[in-house]
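Here's a quick briefing to read with the model open in your viewer. It goes through helix packing, then aromatic contacts, then a couple of backbone oddities.

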Amino acid sequence: MSSLPQPSADALQQSERLTELVKREMTAAGGYLSFARYMELALYAPGLGYYSGGARKFGPGGDFITAPELTPLFGQALAAQVQQVMEASALAVIEVGAGTGLLAADLLLELEHRGCLPESYAILELSGELRERQFDTLAQKVPHLASRVRWLDSLPETFSGAVVANEVLDVMPVHVMVSRAQGLFERGVALDDAGRLCWADRPATGAAAEATLALKLPAPASGEYVSEMNLAGRAWIAAWAERLQQGALLLVDYGYPGAEYYLPSRSGGTLLCYYRHHAHGDPFLWPGLNDITAFVDFTAIAEAGYEAGLDVLGYTNQAQFLFNCGVLECLARRGPEDKADYVRAARAVQRLTAPHEMGELFKVLALGRGLGQPLIGFSRGDRLHTL
């Protein structure tokens with residue numbers, strides 16, 4: 001990992017405090033933690049985890065760039081789908097994990113332009129540091145609309161309207177499962193002889209084992225087949241199904257349908273870490289300073305919604321969804337094509353939609369209830385048959 005930028009002394013001290021927290025919990029648990037629990041601590045431990053520790057995460061100065069950081073055209077196009085959902089249910093939006101608040105600002109401005117402002121725009125955000133950034137972004141970008149926004153600590157008891165979750169499922173804690181000729185194992189976290197965090201396998205049991213066995217993973221080609229099991233994502237969808245009276249969940253993330261997720265060639269799994277725009281594969285490097293993600297199995301998420309009583313309303317790649325929602329029309333509003341602003345915006349749209357960029361890797365899944373018409377984001381290129 002010598003090519004990675006080195007953290008500051010203060011950041012390293014914070015990482016060490018988180019590591020000690022992990023070790024204490026591991027000792028109390030008998031010397032082993034599931035990777036799902038380790039990932040939960042690494043990302044969300046109060047005051048120490050990646051999303052709760054205060055370090056800059058989004059944009060050029062952070063660890064990665066999301067679609068709203070690239071261009072407001074993402075939110076402007078998404079607003080067309082949000083508007084349709086609200087008009088068929090209720091004038092309310094909940095955004096989950098709103099990052100810097102840019103998507104909220106872009107959505108509110110575009111919905112105002114369309115004459116369809118939500119009566120309530122709520123942000124479900126657990127990070128106090130990110131809440132502050134979101135508040136500041138909204139106060140700067142949309143001061144006349146900021147009073148419509150409120151923050152939630154948990155899912156509402158009931159809700160009707162549009163739920164937006166951009167890059168949320170990929171950072172939910174996952175179990176790491178390993179299939180070998182000897183059987184199924186769960187790969188968790190222990191300490192090596194030097195007292196450092198390391199991988200440790202043990203025979204798989206419980207819900208993660210049952211869900212993995214049901215997949216019938218490919219036979220190991222080189223001794224083992226490794227993959228992830230996102231039980232937290234399935235439970236989160238089921239929790240929304242209990243609360244959503246009318247409306248839709250709009251889920252945007254990178255991933256595959258099940259038939260592609262578990263290909264024999266993907267025997268190493270999809271787990272990735274990000275630090276200062278560098279991707280690497282060591283989740284034990286500087287705990288709390290790296291984002292840890294896993295690609296989404298959209299088939300499993302759709303099935304979780306369907307089994308909980310939601311309708312599967314559409315599934316396609318990000319490029320087709322944005323085209324269906326009018327991203328090119330939003331781009332045309334920028335004015336003359338020879339202006340620098342238009343050129344920058346066009347390049348951002350290309351990055352969002354090109355197959356070799358974000359256009360094919362990112363998918364959009366809609367789950368909902370009580371909507372009487374097809375969603376415009378899936379009017380062409382719907383891939384429900386591949387789920």
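In this predicted model, helix H1 (residues 9–28) and helix H2 (residues 35–44) bring their axes within 10 Å of each other and cross at roughly 150°. Angles over 145 degrees count as roughly antiparallel, so that label fits H1 and H2.

**Helix packing**

- The H1 and H2 crossing is right-handed. On the H1 side, the contact uses Leu18, Leu21, Val22 and Glu25, and H2 answers with Arg37, Tyr38, Leu41 and Ala42.
- Another packed pair is helix H5 (residues 102–113) with helix H6 (residues 128–141): here the angle is about 35° and the axes are 8 Å apart.
- H5 also passes H6 in a right-handed crossing.
- If you want to pull up the H5 and H6 contact, select Leu102, Ala104, Ala105, Leu108 and Leu109 in H5, which meet Thr137, Leu138 and Lys141 in H6.

**Aromatic pairs**

- There are 17 aromatic pairs in the structure. One of them is Trp236 with Trp240, an edge-to-face pair at 6.3 Å centre to centre, with 85° between the planes.
- Both of these tryptophans belong to helix H8 (residues 231–243), and they sit four residues apart, about one turn of the helix.
- Are Trp236 and Trp240 buried or exposed? The cut-off for buried is under 20% relative accessible area; Trp236 comes in at 12%, so it is buried, and Trp240 is buried too, because its value is 0%.
- Tyr256 and Phe295 give you a stacked pair instead, 5.4 Å centre to centre and 15° between the planes.
- Which parts of the chain does the Tyr256 and Phe295 pair tie together? Tyr256 is in strand S9 (residues 244–256), while Phe295 is in the loop between strand S12 (291–293) and strand S13 (296–297), so the pair links parts that are 39 residues apart in sequence.
- Tyr256 and Phe295 are both buried.
- Zoom out a bit and these two rings turn up in one aromatic cluster, made of Tyr254, Tyr256, Tyr261, Tyr262, Phe295 and Phe362.

**Charges over rings**

- Tyr256 has a charged partner as well: the charged end of Arg266 sits over its ring, 4.0 Å from the centre.
- Elsewhere, the ring of Phe185 has the charged end of Arg180 over it, 4.7 Å from the ring centre.

**Positive phi angles**

- As background for these, most residues other than glycine have a negative phi.
- Glu167 isn't a glycine, yet its phi is positive, at about 55°. You'll find Glu167 in the loop between strand S4 (159–166) and strand S5 (175–180).
- Glu167 has 17% relative accessibility, so it counts as buried.
- Trp286 is another residue other than glycine with a positive phi, near 50°. Trp286 lies in the loop between strand S11 (278–280) and S12.
- Trp286 is buried as well, because its relative accessible area is 15%.

Conventions: Residues are numbered from 1 along each chain as its sequence is written. This is a predicted model: local features need pLDDT of at least 70, side-chain atom pairs count only at pLDDT 80 or more; totals for chains, interfaces and linings use all residues. Side-chain values use heavy atoms; hydrogens and water are left out. Rings of Phe, Tyr and Trp (its six-membered ring) pair if their centres lie within 6.5 Å; planes under 30 degrees apart count as stacked, over 60 as edge-to-face and the rest as tilted. Helices (H or I, at least four residues) and strands (E, at least two) are DSSP runs, numbered from the N terminus. Buried means under 20% relative accessible area, exposed over 50%, partly exposed in between (1.4 Å probe, protein chains only). A charge sits over a ring if NZ of Lys or CZ of Arg is within 6 Å of the ring centre and within 35 degrees of the ring normal. Axes are lines fitted to C-alpha atoms, for helices over the stretch in contact, and angles run from 0 to 180 degrees between N-to-C directions. Angles under 35 degrees count as roughly parallel, over 145 as roughly antiparallel, 65 to 115 as roughly perpendicular and the rest as oblique. A crossing is left-handed if the near helix is turned anticlockwise from the far one by less than a right angle, and right-handed if clockwise. Contact means heavy atoms within 4.5 Å.
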